[in-house]
Structure formats: C-alpha cells, structure tokens
Amino acid sequence: MKETGISLERSETGVAVVVLEGDHDLSTAAALRSRLESLIAEGVPVVVDLTPTTFIDSAILDALLGALRRARGQGLGFAALIGEQAAEPAVRRIFELTQLVPLFPVLSSRSEALAAVLAEPEGR
Amino acid sequence: MSGDPSGAGPSLRLRLPARAENVAVVRQALNGVAEGLALEAFTLTDIKIAVSEACTNVVLHAYPDREGPLLVDAWADGAEELVVVVRDQGSGFTPAARTESAGLGLGLALIASLSKEVQIGSEPGDGTEVKMRFRLDPDREDLELSPL
C-alpha cells in the first residue's frame, strides 16, 4: 500500500500544490483541512493533486468542499487534479457518484490545473 | 438480523477499536476478501467506498463519551452477493448525531447508492447495525447510471 502523506509544492507561478499520496479518509481529513485553510489565509491559489491518491472518502470531500468555498469567497483559484490514467479508480469514482466534477473544477494534467487556478479572478 | 456466514468462500470477522486510523485496516481486509472472490476492481472499489463510510459513521457517532469496538463481518451469500455488516455497541441513532454532522448524510447516501440493498437497525443502548448487500458481478452499465 502506498504510504499516506500530504506534501506541499509551490509552482513557479506561486500556486500551492497540495499532493495527497496514498489513502486519505477521516484519519487525515483534519490535517488536510488545516493545511488548506492556512494556504487560503495566505492568499495563495491552490491545486489539490489527487493523482497519487489511492482512496478518499466523504470526510475528505467535505474538507475539499469547505476549502473550495473559502477560496471562492476570497476570489482565489482552487482546483483538483485527478490523473487521466488513475491507477486507483476510487478517487474518480467518488467524484462521479457525488457529482462534484462540474462543481470543482477537476483537471487531468498539472499544467491545466495550474492555468485554471491562475485564471480565476483574484482579490477584490 | 445479522445472519450466519456459514456458506463457502472467504469470510471476514473483525473487531477493532473504533478509531479513524482503523478504517483503513477494514479496507485492507476487504482487499483480501476480494482476491478470494476474484472481484473486478470496480466492484471492489464500490464496496470499499460504502464500507468505509459505514465504518467512519461508527467512529464518529457510536461512542461520544467512551471508546468502543467497530465490528465488521463479511461473507459471500451464494455466488452472487457479498454481505457486509458493520456494527457497533454504542448508543444507537439519536437525533443529536444527525444534527452534529452534515457528513453523515453524504456517507449514508453513498452506501445506499453503491449497495444492492442496505438495512440499518438501531436499538437505543444496543448499538447500530448496517447490513449491506453487494452484487459480485454487476453489469458495468448499472454502476455508471447510479450517481446519488
């Protein structure tokens, strides 16, 4: 089983990319929530990279949705990245079931995701 | 209501402390059951999502003021269905549990959407039992048409 972790990368354009490796569920939701909250408080656009994620549950979705709302409220870009060829179908499946794909946006390449969050209107 | 897993095929009986980090242990155990039943990946994925949500509800709601067990039984019922029962020995469904967490609604909706059938039983003071039946060989098209 892939090791579980939350890591942070910064793009050259100042986007924070939060990478979720392995399984994520209630046990990691609080850590994810607080990581996303502090990035949004910093005023940074965020991409959540789910390409190495092997599982997410409704608690993680809840954390992502909460962060999306906060980011939108501050005019910050926020997007999720799920690879085209997800080795694990669970992530795409739960997004499909909860019909979150139109809400998010969900992109399938990192360059698309970075472009999407930078294109959103920033600041007020 | 639980039923007796006396049929042939892999079966599972787990008793774990109801803690968030143990839900992943249940998912890992389901991987083993799936191998024994030669399940398709998409079938296993749906079962893992539903069972994970049921276990998470136990972790969140069964024992508000103490520790307690998370109990999971799984067995093949004939060649066509897998039954998974997630139980706790907590206080049972109370109105307080519902108002406390919006997440509870989404979890139950996922379970209902992903299982062929789900039965939920709760006796005040005697815990809650969520019994889910999954088709072992569902039509892929059926799955794609079943969003919440």
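A strand, as the word is used here, is a DSSP run of E of at least two residues, numbered from the N terminus. In this predicted model, Glu123(B) lies in such an element, namely strand 4 of chain B, which covers residues 117–123. Leaving aside its neighbours within four places in sequence, Glu123(B) is in contact with Ser91(B) and Gly92(B). Glu123(B) and Gln89(B), although 34 residues apart in sequence, have C-alpha atoms that are 9.8 Å apart in space.

**Helix packing**

Two packed helices are described by the angle between their axes and the distance between the axes. The table sets out three such pairs, two of them within a chain and one between chains.

| Helix pair | Axis angle | Axis distance |
|---|---|---|
| Helix 1 of chain B and helix 2 of chain B | roughly 150° | within 9 Å |
| Helix 3 of chain A and helix 2 of chain B | about 70° | 10 Å |
| Helix 1 of chain A and helix 2 of chain A | roughly 10° | within 8 Å |

In chain B, the axes of helix 1 (residues 23–37) and helix 2 (residues 41–61) cross at roughly 150°, which makes helix 1 of chain B roughly antiparallel to helix 2 of chain B. The crossing of helix 1 of chain B past helix 2 of chain B is right-handed. From helix 1 of chain B, Val23(B), Val26(B), Arg27(B), Leu30(B), Asn31(B) and Ala34(B) take part in the contact, and they meet residues of helix 2 of chain B including Leu44(B), Ile47(B), Val51(B), Cys55(B) and Val59(B). By class, the residues of this contact of helix 1 of chain B with helix 2 of chain B are nine nonpolar, three polar and two charged.

In chain A, the axes of helix 1 (residues 26–42) and helix 2 (residues 58–73) cross at roughly 10°, and helix 1 of chain A and helix 2 of chain A are therefore roughly parallel to each other. Among the residues that make the contact are Leu26(A), Leu32(A), Leu36(A) and Ile40(A) of helix 1 of chain A, together with Ile60(A), Ala63(A), Leu64(A) and Ala67(A) of helix 2 of chain A. The contact of helix 1 of chain A with helix 2 of chain A divides into 11 nonpolar, one polar and four charged residues.

**Between the chains**

The size of an interface is often given as the accessible area lost when the parts come together. Chain B and chain A bury about 1700 Å² between them, and 64% of this area is on carbon and sulfur atoms. The contact draws 25 residues from chain B and 17 residues from chain A.

Helix 2 of chain B also packs against helix 3 of chain A at an angle of about 70°, and these two helices are therefore roughly perpendicular to each other. Helix 3 of chain A passes helix 2 of chain B in a crossing that is right-handed. Here Ala90(A), Arg93(A) and Ile94(A) meet Thr45(B), Asp46(B), Ile49(B) and Glu53(B), and by class the contact of helix 3 of chain A with helix 2 of chain B has three nonpolar, one polar and three charged residues.

Side chains of opposite charge can pair when their charged atoms come close. Over all chains, a search of the whole structure finds 15 salt bridges, and across the interface of chain B and chain A the rule finds three. The side chains of Asp46(B) and Arg93(A) meet in a salt bridge with an N to O distance of 2.8 Å. This pair crosses between chains, from Asp46(B) in helix 2 of chain B to Arg93(A) in helix 3 (residues 90–97) of chain A.

Note on methods
Residues are numbered from 1 along each chain as its sequence is written. Chains are lettered from A and ligands numbered from 1 in the order in which they are written. This is a predicted model: local features need pLDDT of at least 70, side-chain atom pairs count only at pLDDT 80 or more; totals for chains, interfaces and linings use all residues. Side-chain values use heavy atoms; hydrogens and water are left out. Axes are lines fitted to C-alpha atoms, for helices over the stretch in contact, and angles run from 0 to 180 degrees between N-to-C directions. Helices (H or I, at least four residues) and strands (E, at least two) are DSSP runs, numbered from the N terminus. Angles under 35 degrees count as roughly parallel, over 145 as roughly antiparallel, 65 to 115 as roughly perpendicular and the rest as oblique. A crossing is left-handed if the near helix is turned anticlockwise from the far one by less than a right angle, and right-handed if clockwise. Contact means heavy atoms within 4.5 Å. Ala, Val, Leu, Ile, Met, Phe, Trp, Tyr, Cys and Pro count as nonpolar, Asp, Glu, Lys and Arg as charged, and the others, Gly among them, as polar. Buried area is the accessible area (1.4 Å probe) that two parts lose on being put together, summed over both. A salt bridge is a side-chain nitrogen of Lys or Arg within 4 Å of a carboxyl oxygen of Asp or Glu.
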